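Reader: I should like to study a protein model by means of short questions. May we begin with the model itself?

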Amino acid sequence: MTKSATRDRLTCTGTLRSAACTDQNGVSPHLVPELNLDVEPFLTFAEAELRAAPPWQSGVCFNPGCGRAFAPTRKWQNYCCRACKQQSRRELAQVGHRLALAMLVWRIHKYAAAGTPEAALVRAARRYVTHVQSAWMQDRARRAADAKGSGDDI
Ligand SMILES: [Zn+2]
């Protein structure tokens, strides 16, 4: 994309039904603005705590579908290879996508007065987050068992 095309696309953010917001085929591009979260990644935010209580075992791939033993080349390496790391990134993105709206709703109505529909919505959002967390853990355990099972068959 050329710089002017990029500028044209960027100028249409926030403008509804403007001619500048329509592609040649008449479809609005619906650009997604870049997130501007001024929060460091969790690995940085909780570095000391992760070091004290790592959720992974050193030298064992953290991808539950792999779980292979490997020799880390760096002390923070928790995947045996690039493919496992990329698979984990996709997994984290999928879970994040599943959780995002519930987490946002939870935060929006965090201080809702007891007995209001908003307070009930926050409870539902919190239950949903816990439900997804539990389902995710069960899925990881299943994949880990499948990976171990496939190793035993050889
Ligand atoms: Zn692996």
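Author: The questions and answers below concern this predicted model.

Reader: Which order do the elements of the chain follow from the N terminus on?

Author: The secondary structure comprises five helices and zero strands. Read from the N terminus on, the order of the elements is therefore written with the helix symbol throughout: α-α-α-α-α.

Reader: Which element of the chain has the highest mean pLDDT?

Author: The chain averages a pLDDT of 85, and 79% of the residues score at least 70. Over residues 1-22, however, the pLDDT is below 50. Among the elements, the lowest mean, 43, belongs to helix α1 (residues 3-11), while the highest, 97, belongs to helix α4 (residues 82-108).

Reader: Is Ala141 buried or exposed?

Author: Ala141 lies in helix α5, which spans residues 117-152. A residue counts as exposed if 12 or fewer other C-beta atoms lie within 10 Å of its own. Ala141 has 11 C-beta neighbours inside 10 Å, so it is classed as exposed.

Reader: What distance separates the C-alpha atoms of Ala141 and Pro64?

Author: Along the chain, Ala141 and Pro64 are 77 residues apart. In the model, the separation of their C-alpha atoms is 7.2 Å.

Reader: What percentage of the residues in the chain is buried?

Author: To be buried, a residue needs 20 or more other C-beta atoms within 10 Å of its own. The chain has 154 residues, and the buried share of them is 6%.

How values were computed. Residues numbered from 1 in each chain as written. Predicted model: local features only at pLDDT ≥ 70, side-chain atom pairs only at ≥ 80, totals over all residues. Helix = DSSP H or I, 4+ residues; strand = E, 2+ residues; numbered from the N terminus. pLDDT = per-residue confidence, 0-100. Contact = placed C-beta atoms within 7 Å.
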